[in-house]
Amino acid sequence: NEQKGQKTPATVTVRDALNQAMDEELERDERVFLLGEEVAQYDGAYKVSRGLWKKYGDKRIIDTPISEMGFAGIAVGAAMAGLRPICEFMTFNFSMQAIDQVINSAAKTCYMSAGLQAVPIVFRGPNGASAGVAAQHSQCFAAWYAHCPGLKVVSPWNSEDAKGLLKSSIRDDNPVVFLENELLYGVPFEMSEEAQSKDFTIPIGKAKVERAGSHITLVSHSRYVGHCLDAAAVLAKEGIECEVINLRTIRPMDVESIEASVMKTNHLVTVEGGWPQFGVGAEICARIMEGSAFNYLDSPVTRVTGVDIPMPYAKILEDHSLPQIKDIIFSVKKTLNV
């Protein structure tokens, strides 16, 4: 549809939505460039940058050696010098090699320069558990990076989120950590006519109510928004109406939207794939405790999270280590005392 200039709602995979966003922003602003491992000639390890090297050439789409600390440092320096890099990590597990560049060089510079030195950079790539890649390649970094002032941390779920938020992240003058999910890349989602426009962006820091409900609030980000919607569909057949909130942004967190929902439903369950200790759900619990919505709660907030262990390799153990739809249903019923 895009090519013919007809704009009807289309089905677009998350991979293609991210590709569209980068393509449009590379075209719109010649300061934007992409660098990382396999992003150019190979079309991206997960084919997210497919076709971009062919279209924009070596200067804008740059294959790097396998040295995260090196190329993340080059990207940060380029941002300080006035370019707008998109730095791809093949997975966010490898960003640990470059975490000094992300935190000390990118996140803190605006503050340490009294606002004189902006670092407009996007760090993007797949985050969290994929399938069958064991402990070192299955980690969620949402809480790690959201802990750090000076960064914005974005975690899209569907294709519209992915496109609108990536475009906003590239245009933002602050360093943004953009957490994708490998298992969502190939998933097709309906994309509105509006989202297919080159001017489409989604504001960073705003959550979205994906499903309205009156009995209990489910808050999630990334892939687990889908799990929450699936659980809500099952629970609706039993007369339990769940409101599902897609966080979209982890930092700054849209606590107002969560509070507004809790004041309506009086119950809250958080759902995430990361570890429980000091996680995204833990932060939501604390913020709800401290805020005006606390008096509206009729039961304690429940967290559904990944299990507090390094990810096992065996498939059956992996399944037991991540939230499943049945775990969400169980927690909802427990919270509502059903």
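Two strands are taken to pair if DSSP finds at least two bridges between them, and by this criterion the surroundings of strand β10 can be described in the present model, which is a predicted one. Strand β10 (residues 216–220) is joined by five bridges to strand β11 (residues 242–246), the two running parallel, and Ser220 stands opposite Asn246 in β11. Between these strands the chain passes through helix α8 (residues 224–237), and the resulting β-α-β crossover is right-handed. Strand β10 is also joined to strand β13 (residues 268–271), in this case by four bridges and again in a parallel arrangement, with Thr217 standing opposite Leu268 in β13.

Five of the five residues of β10 are buried, so the strand is largely enclosed by the rest of the structure. The burial extends to both faces, with Ile216, Leu218 and Ser220 covered on one side and Thr217 and Val219 on the other.

In soluble globular proteins, nonpolar side chains tend to be buried together. The largest nonpolar core in the model comprises 55 residues, of which Leu18, Ile61, Leu166, Leu218, Cys242, Ile328 and Val332 touch the most other members. When neighbours within four places in sequence are left aside, the contacts of Cys242 are with Arg211, Ala212, Gly213, Ile216, Leu218, Ala232, Leu235 and Val332. A second core, separate from this one, contains 44 residues, among them Phe33, Ala106, Tyr145 and Ala293.

A search of the whole structure for aromatic pairs returned eight. In one of them, the ring centres of Phe89 and Phe92 lie 5.6 Å apart with the planes at 70 degrees, so the pair is classed as edge-to-face. Both partners are buried, Phe89 with a relative accessible area of 0% and Phe92 with a relative accessible area of 1%. Phe89 also forms a stacked pair with Phe123, at 5.9 Å centre to centre and with 5 degrees between the planes. This stacked pair links distant parts of the chain, since Phe89 lies in the loop between β4 (84–88) and α4 (99–107), whereas Phe123 belongs to strand β5 (residues 122–126), 34 residues apart. Phe123 is likewise buried, its relative accessible area being 0%. Phe89, Phe92 and Phe123 belong to one aromatic cluster together with Phe71, Phe141, Trp144 and Tyr145.

Charged side chains were also found over aromatic rings. The charged end of Lys47 sits over the ring of Tyr42, 3.5 Å from the ring centre, and Arg223 lies over the face of Tyr224, at 5.7 Å from the centre of that ring.

Technical notes. Residues numbered from 1 in each chain as written. Predicted model: local features only at pLDDT ≥ 70, side-chain atom pairs only at ≥ 80, totals over all residues. Heavy atoms only, no water. Core = buried A, V, L, I, M, F, W, Y, C linked by side-chain atoms within 4.5 Å. Buried < 20%, exposed > 50% of the residue type's maximum accessible area, 1.4 Å probe, protein only. Contact = heavy atoms within 4.5 Å. Phe/Tyr/Trp six-rings, centres within 6.5 Å; stacked < 30°, edge-to-face > 60°. Lys NZ or Arg CZ within 6 Å of the ring centre and 35° of its normal. Right-handed = clockwise from strand over helix to strand, strands pointing away.
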